[in-house]
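Here's a walk through one protein chain, from the overall fold down to a handful of residues. Have the structure open and turn it as you read.

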Amino acid sequence: MSLPRNHLLKALSPEDFALLLPSMHHVQLDLKAQLEVPYQPIEHVYFPEAGIASVVATMTGGRQSEVGIIGFDGMTGVAVILGQDSSPNETYIQVAGNGWCLPVENLQSEVAKSQSLRASLLAYAHAFLVQSSRTALVNGHSKIEERLARWLLMVHDRTEGNKIHLTHEFLMRPVKRDALRLIV
């Protein structure tokens, strides 16, 4: 296997990466592929190398808001790192790509063996929670143009090149029959 392109995997010590490698396999991450279902056990974590995963919270009544994005900077399954088996949020692929897939039970087993692996993944979980809190702050207090600009920059930072392969459908979602809202 060549060196991973996922920044979180690259940042692990060689020893910690070697713990995970035997259980990981490379996968295509197809557009709209659901990686986490709300309140259902998380079975796999994903380390994207290309593409974007969107973490979406849903209110009673169906209103949704994106609360985080994951690209080659990180991984899905933050709830697992924090000792939980599920999340109230949905995670799905918003920009198709590829990455590494690891069964949760293997991750948990290796984290139990390595304090440094645990510390690295907890540091990522903290960074992701900071991103989510900033997203909530911006979404609650910024104009739509500022929200869109921030979101586009975040996606650009997590993809290669200067093209963002995204459909208009993901930027604008129907709320009611004739109304549209920006999901960012």
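What follows starts with the whole chain, then takes up the core, the strands, one helix and a few single residues.

**The whole chain**

Keep in mind that this is a predicted model. The protein chain has 7 helices and 7 strands. Reading from the N terminus, the order is α-α-β-β-β-β-α-β-α-α-α-α-β-β. Of the 184 residues in the chain, 43% are buried. The accessible surface comes to about 10100 Å², and carbon and sulfur atoms account for 56% of that. If you look at contacts with a separation of 6 or more, 73% of them link residues 24 or more positions apart.

**The core**

The largest nonpolar core holds 32 residues. Leu9, Leu20, Met24, Phe47, Met75 and Leu107 are the ones with the most contacts inside it. Plenty of elements chip in: at least two core residues each come from helix 1 (7–11), helix 2 (14–20), strand 1 (25–29), strand 3 (44–58), helix 3 (78–81), strand 5 (90–103), helix 4 (104–113) and helix 5 (115–141).

Leu20 is a handy place to start looking around. Setting aside neighbours within four places in sequence, Leu20 is in contact with Leu9, Leu12, Leu102, Leu107, Glu110 and Leu117. Two of those partners, Leu107 and Glu110, come back below as buried residues of helix 4.

**Strand 3 and its partners**

Now to strand 3. In this strand 11 of the 15 residues are buried, so the rest of the structure largely encloses it. Strand 3 runs antiparallel to strand 5, and 11 bridges join the two. Strand 3 also pairs with strand 4, again in the antiparallel sense, over 6 bridges.

Val55 shows both pairings in one residue. Its bridge partner in strand 5 is Thr91, while its bridge partner in strand 4 is Gly68.

Strands 3 and 4 make a hairpin with 5 residues between them. In that turn, Gly61 has a positive phi of about 100 degrees. Further on, Ser65 is found in strand 4 (residues 64–70). Ser65 counts as partly exposed because its relative accessibility is 29%. Its C-alpha atom is separated by 9.9 Å from that of Asn89, 24 residues apart along the chain.

Over in strand 5 you'll find Gly97. With a relative accessibility of 11%, Gly97 counts as buried. Not counting residues up to four places away in sequence, Gly97 touches Gln28, Leu29, Ala50 and Gly51. The C-alpha atoms of Gly97 and Thr159 are separated by 9.7 Å, with the two residues 62 apart along the chain.

**Helix 4, two sides**

Which residues of helix 4 are buried? They are Val104, Leu107 and Glu110. These residues sit on the same side of helix 4, because they cover an arc of only 130 degrees around the axis. Turn to the other side and Glu105, Ala112 and Lys113 are exposed.

A search of the whole structure turns up 1 salt bridge, and helix 4 is where to look. The side chains of Lys113 and Glu110 meet there at 3.4 Å, N to O. Both residues lie in helix 4, 3 residues apart, about one turn of the helix. So how do the two ends compare, buried or exposed? Glu110 is buried, at a relative accessible area of 11%, whereas Lys113 counts as exposed at 58%.

**Two residues with positive phi**

Most residues other than glycine have a negative phi. Here are two that go the other way, side by side.

| Residue | Phi | Place | Relative accessibility |
|---|---|---|---|
| Lys32 | positive, about 75 degrees | loop between strand 1 and strand 2 (34–36) | 46%, partly exposed |
| Tyr39 | positive, about 60 degrees | loop between strand 2 and strand 3 | 61%, exposed |

Neither Lys32 nor Tyr39 is a glycine. Lys32 comes in the loop ahead of strand 2, and Tyr39 in the loop that leads from strand 2 to strand 3.

Terms used: Residues are numbered from 1 along each chain as its sequence is written. This is a predicted model: local features need pLDDT of at least 70, side-chain atom pairs count only at pLDDT 80 or more; totals for chains, interfaces and linings use all residues. Side-chain values use heavy atoms; hydrogens and water are left out. A nonpolar core is a set of buried Ala, Val, Leu, Ile, Met, Phe, Trp, Tyr and Cys residues joined through side-chain atoms within 4.5 Å. Buried means under 20% relative accessible area, exposed over 50%, partly exposed in between (1.4 Å probe, protein chains only). Helices (H or I, at least four residues) and strands (E, at least two) are DSSP runs, numbered from the N terminus. Contact means heavy atoms within 4.5 Å. Accessible areas come from the Shrake-Rupley method with a 1.4 Å probe; for residues, only the protein chains shown count as cover. A salt bridge is a side-chain nitrogen of Lys or Arg within 4 Å of a carboxyl oxygen of Asp or Glu. The arc is that of the directions from the helix axis to the C-beta atoms. Two strands pair if DSSP finds at least two bridges between them.
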